[in-house]
Amino acid sequence: MRISWITDDQTPATVAYGTSPGDYAKSATGTTSSYQFDVYKSGQIHEVVIGPLHPDTVYYYRCGGNSARKFSFKTAPSAFPIKFAIVGDLGQTEHTNSTLQHISEANYDMLLLPGDLSYADSWQPRWDSFGQMMEPLASQRPWMVTQGNHEVEISTPPFTAYNARWRMPFEDSGSTSNLYYSFSVAGVHVVMLGSYTDFDPSSAQYKWLQSDLARVDRTKTPWLVVLIHAPWYNTNKAHQGETESVDMKKYMESLLYNARADVVFTGHVHAYERFTRVYEDQADDCGPIHITVGDGGNREGLATKYIDPQLEISIFREASFGHGELEVVNATHALWTWHRNDDGEDVVSDSLWIKSISSVDNCKV
């Protein structure tokens, strides 16, 4: 587990931890960095990797020299079942607070976020306030994220704040960029792609994705889940025709289809939409289900206008704030639920039992 925190003052990049409250028998030391963004100077960004750790276990820890602030987190399980909370385009609004409150009640094991985190949009203090808002949840469960357009920011190089603050374990999957990577957990292989870096067949990301998918062993990880920010399938009037959607789909859709990806989660469009299994704009029993969850609570509001008539491949769509939960029960079945919170309370508005493609005889790789 990588633990990151930021301080105004110099403090040791150390984490003391253990499996009992107040008993920090082990410790680890990491690194400290900072970044400059125009006239803004970040605090001291500390990162420490601790472990090896036991699965499905609560650990208690404290960071640096501050013995007054004590935290705990639970590691993900090593086998089924596992529950993911999935939400994009979070921001820092009252709708965000409502979404996070509902997620906190979900008893999830890991959060997956397909881009657009803080909506700092180059105003760096918003990254600090976003970190403070996320701390109660992000300090207790693994948060795995990929970038969106609001992470690009006006900086040289782009993604300066995102890469400094939200470092993902990209090297472990053979990636050379924090903008795309993969990991496996409890029988699920998760691929995080970057909509806002090169993705054509000559790009490093394309070649990495080819090699990553070729290494997936569906006997060990029968589920293959992909997260991208800009959706490849979208019947909302918002964000139509963008190269990050159209061209990335053109170049990479066959890679995911041939690898028999189960579900593709996206953000960017500030609404919820679920498609049937699809490939090349047609229903296909061996294609992935595409689900847009760009409805976390951003300050730009909801995308309320859809293209009519509704396409047959679009099964459910609703412009409300909320979040999704993917509970992978075993090697063959998972339960997807989308929880609307636009009316102030957690309401399950859409649900679907999903059968893994690896368990369907005529779709096996």
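## Buried tyrosines and a stacked pair

A residue counts as buried when its relative accessible area is under 20%. Tyr279 has a relative accessibility of 16%, so Tyr279 is buried. This is a predicted model, so please read every value here as computed from it.

Tyr257 is buried too, at a relative accessible area of 14%. How are the rings of Tyr257 and Tyr279 arranged? Their centres are 3.8 Å apart and their planes meet at 5°, so the pair is stacked. Tyr257 belongs to helix 5 and Tyr279 to strand 17 (residues 272-279), so you are looking at a link between distant parts of the chain, 22 residues apart. Arg260 joins the picture as well, lying over the face of Tyr257 at 4.8 Å from the ring centre.

## Other aromatic pairs

The count of aromatic pairs comes to 17. One of them is Phe199 with Tyr251: the ring centres are 6.4 Å apart and the planes stand at 45°, so this pair is tilted. Phe199 sits in the loop between strand 14 (188-192) and helix 4 (204-215), while Tyr251 sits in helix 5 (residues 243-258), so the pair ties together parts that are 52 residues apart in sequence.

Is each partner buried or partly exposed? Phe199, at 11% relative accessibility, is buried, whereas Tyr251, at 26%, is partly exposed. Elsewhere, Tyr17, Tyr59, Tyr61, Phe71 and Phe73 make up one aromatic cluster.

## Domains in the record

Two domain annotations come from UniProt, both in an unreviewed entry. The record lists "domain: Purple acid phosphatase N-terminal" for residues 1-75. That stretch is 0% helix and 51% strand in the model, with its end C-alpha atoms 8 Å apart.

For residues 82-272, the record gives "domain: Calcineurin-like phosphoesterase". Here the chain is 31% helix and 18% strand, and the end C-alpha atoms lie 23 Å apart.

## Nonpolar cores

The largest nonpolar core holds 83 residues, and Phe84, Trp143, Leu326 and Trp336 have the most contacts inside it. Strand 15 (residues 223-227) contributes the most to this core, with 5 residues. Beyond its neighbours within four places in sequence, Leu326 touches several residues, including Phe84, Val225, Phe265, Trp336 and Ile354.

A second, separate core has 13 residues, among them Ala13, Tyr17, Ala28 and Tyr59. Tyr17 and Tyr59 also belong to the aromatic cluster described above.

## Glu325 and its partners

Glu325 is in strand 21 and, at 8% relative accessibility, is buried. Which side chains make polar contacts with Glu325? His323 does so at 2.8 Å, and His339 at 3.5 Å. Outside the four nearest places in sequence on either side, the contacts of Glu325 include Lys83, Phe84, Ala106 and Trp336.

## Helix 1 and the loop before it

Helix 1 (residues 94-104) has these buried residues: Thr96, Ser98, Thr99, Leu100, His102 and Ile103. What do they pack against? Their partners are strand 10 (82-86), strand 11 (110-114), helix 2 (125-138), strand 12 (143-146) and strand 21 (322-328). At the N-terminal end of helix 1, Thr93 acts as a cap, with a side-chain oxygen 3.1 Å from the backbone nitrogen of His95.

Gly88 lies in the loop between strand 10 and helix 1 and is buried, at 0% relative accessibility. Leaving out neighbours within four places in sequence, Gly88 contacts Leu113, Pro114, Gly115, Val293, Gly294, Asp295 and Gly296.

## Backbone points to check

Most residues other than glycine have a negative phi, and most peptide bonds are trans. Some places in this chain are worth a look with that in mind. Tyr119, in the loop between strand 11 and helix 2, has a positive phi near 55°. Asp121 lies in the loop between strand 11 and helix 2 too, with a positive phi near 50°. Tyr119 is buried at 1% relative accessible area, while Asp121 is partly exposed at 30%.

Cis peptide bonds turn up as well. The bond from Thr156 to Pro157 is cis, with omega near -5°, and Pro157 is in the loop between strand 12 and helix 3 (160-165). The bond from Asp308 to Pro309 is also cis, with omega near 0°; Pro309 is in the loop between strand 19 (289-293) and strand 20 (314-318).

Definitions and conventions. Residues numbered from 1 in each chain as written. Predicted model: local features only at pLDDT ≥ 70, side-chain atom pairs only at ≥ 80, totals over all residues. Heavy atoms only, no water. Buried < 20%, exposed > 50% of the residue type's maximum accessible area, 1.4 Å probe, protein only. Helix = DSSP H or I, 4+ residues; strand = E, 2+ residues; numbered from the N terminus. Contact = heavy atoms within 4.5 Å. Polar contact = N/O pair within 3.5 Å; in protein donor to acceptor, adjacent residues only side chain to side chain. Phe/Tyr/Trp six-rings, centres within 6.5 Å; stacked < 30°, edge-to-face > 60°. Lys NZ or Arg CZ within 6 Å of the ring centre and 35° of its normal. UniProt positions renumbered as here; feature names shortened; annotations may be inferred. Core = buried A, V, L, I, M, F, W, Y, C linked by side-chain atoms within 4.5 Å.
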